[in-house]
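Biologist: Please take a close look at one part of this model, a single sheet, and describe how its strands are joined. I would also like to know how far the model may be trusted and what its nonpolar interior contains.

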Amino acid sequence: MLLQLDANLCGVANLNNKIVGGQNATAGSWPWQVSIRLTDYNFHFCGGSLINSGWVLTAAHCFANTKYTASQVTVYLGTETLHGTNMNQVFRSVTSVTIHPNYDANTVNNDLALLQLSSTVTFTPYITPICLAASGSTFFNGTLSWVTGWGNIATGASLPSPGYLQEVQVPIIGNRQCFCLYGGGITGNMICAGALPGNKDPCNGDSGGALVIKQGSIWIQAGIVSFGKDQGCAQANDPGAFTRVSQYQNWINQVITSNQPGFVTYTSSGTNADLNVSCSNLPPATTVSSVAFISSLSAAVVCGNANLNDLSGAGTGLASAGMWPWMASVQRNGTHVCGGTLIAAQFVMSSADCFSG
């Protein structure tokens with residue numbers, strides 16, 4: 001009989017002792033890994049990760065681009081090989097697919113979706129949920145991570161039968177360096193990883209799978225396999241681009257209102273060498289993080305900039321337009337009641353006493 005694990009635990013992989021350029025994973029090494037298949041054909045088309053007993057996290061493009069619906073797919077868990085006997089495997093149909101409302105198929109921004117399983121699964125050493133990176137997590141350039149999946153093992157080369165789950169270790173590539181390598185197109189909602197010489201990379205069929213990093217004894221999902229720069233896989237200077245999970249803690253908790261997934265803050269140690277990277281069209285580095293430099297593909301925004309402010313000494317007492325571009329007026333019925341500070345595209349920071357009374 002298999003040991004039943006604590007339902008509140010995430011990121012546990014007791015059978016883990018330690019894609020393209022990867023190797024076969026032993027059974028139970030990555031117990032959150034799922035295979036998403038077309039039910040009628042038993043055809044694996046995307047990966048995903050179990051994040052609690054009833055929900056799977058995957059990429060939006062696995063459904064938005066393919067037009068597959070919940071009724072057409074089945075999720076397989078505890079799977080070691082795509083073909084043949086899997087003693088620890090179970091499967092569930094899917095009752096709903098929730099794609100992030102701001103997913104953009106052209107820019108691949110906000111590339112994530114949540115699948116609700118038809119019934120909950122029992123956790124075993126071969127089936128456990130992954131912890132998710134919490135808001136504020138930092139992943140410095142060079143941090144080692146792992147990617148898993150059943151995708152192609154080279155450009156146009158399918159995984160040979162019986163289709164063992166593949167694993168590969170790749171370093172995080174900072175967003176500034178990734179932006180330079182891609183020539184743009186990398187936003188703060190993304191995280192990059194890959195071996196710059198090539199030969200180690202996710203490929204077709206790995207989409208939706210997890211990019212994970214270990215902190216202490218706990219595994220944390222930092223990214224979701226999303227896209228690559230070139231048509232081929234594992235090309236030199238072409239790291240994979242992943243959806244940055246820590247950007248979506250609020251949205252995930254809005255969709256999953258009960259038995260919510262476990263979120264853990266991952267904090268990189270040392271200094272972030274990515275802040276020193278520079279190239280044409282790249283906004284200046286900030287001391288806050290390596291991803292604050294860009295908010296969308298169409299416009300780069302740097303916090304703390306006031307291009308219309310040329311003050312060098314004492315002020316005049318009267319501010320001209322645009323001198324303090326983060327200043328907000330909080331009004332009620334058209335009357336100013338409090339000030340505030342713009343700190344993100346949709347958030348203003350103000351004083352609690354403006355509202356608590």
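Modeller: Strands here are DSSP runs of E with at least two residues, numbered from the N terminus, and two of them pair if DSSP finds at least two bridges between them. The model is a predicted one, and the part I shall describe is an open sheet of 3 strands in the order S16-S17-S18, with antiparallel pairing. S16 and S18 are the edge strands, each pairing on one side only. From one strand to the next, the twist averages 50°.

Consider S16 with S17. S16 covers residues 327-332 and S17 covers residues 335-344; the two run antiparallel and are joined by 6 bridges. Within this pairing, Gln331 of S16 has His336 of S17 as its bridge partner, and Ser329 is bridged to Gly339 in S17. The two strands form a hairpin with 2 residues between them. In that turn, Asn333 has a positive phi of about 55°.

On the other side of the sheet's order, S17 is joined to S18, residues 347-349, by 3 bridges, again with the strands running antiparallel. Here the bridge partner of Leu342 is Val348 in S18. As a reading aid for side chains, in a regular strand they alternate between the two faces of the sheet.

As to the nonpolar interior, the largest nonpolar core has 46 residues, and the members touching the most others are Ile36, Leu50 and Val75. Leaving aside neighbours within four places in sequence, Leu50 is in contact with a set of residues that includes Trp32, Val34, Leu77, Phe123 and Pro129. Apart from this core lies another, of 17 residues, among them Ala133, Val147, Val170 and Tyr266.

Finally, there is the matter of confidence. The protein chain averages a pLDDT of 82, and 78% of the residues score at least 70. Over residues 1-7, however, the pLDDT is below 50, although this stretch has 15 contacts in the model beyond near neighbours in sequence. Residues 287-302 also have a pLDDT below 50, and that stretch has 39 such contacts beyond near neighbours in sequence. Where pLDDT is low, the predicted coordinates should not be read in detail.

Note on methods:
Residues numbered from 1 in each chain as written. Predicted model: local features only at pLDDT ≥ 70, side-chain atom pairs only at ≥ 80, totals over all residues. Heavy atoms only, no water. Helix = DSSP H or I, 4+ residues; strand = E, 2+ residues; numbered from the N terminus. Core = buried A, V, L, I, M, F, W, Y, C linked by side-chain atoms within 4.5 Å. Buried < 20%, exposed > 50% of the residue type's maximum accessible area, 1.4 Å probe, protein only. Contact = heavy atoms within 4.5 Å. Axes fitted to C-alpha atoms, helices over the stretch in contact; angles between N-to-C directions. pLDDT = per-residue confidence, 0-100.
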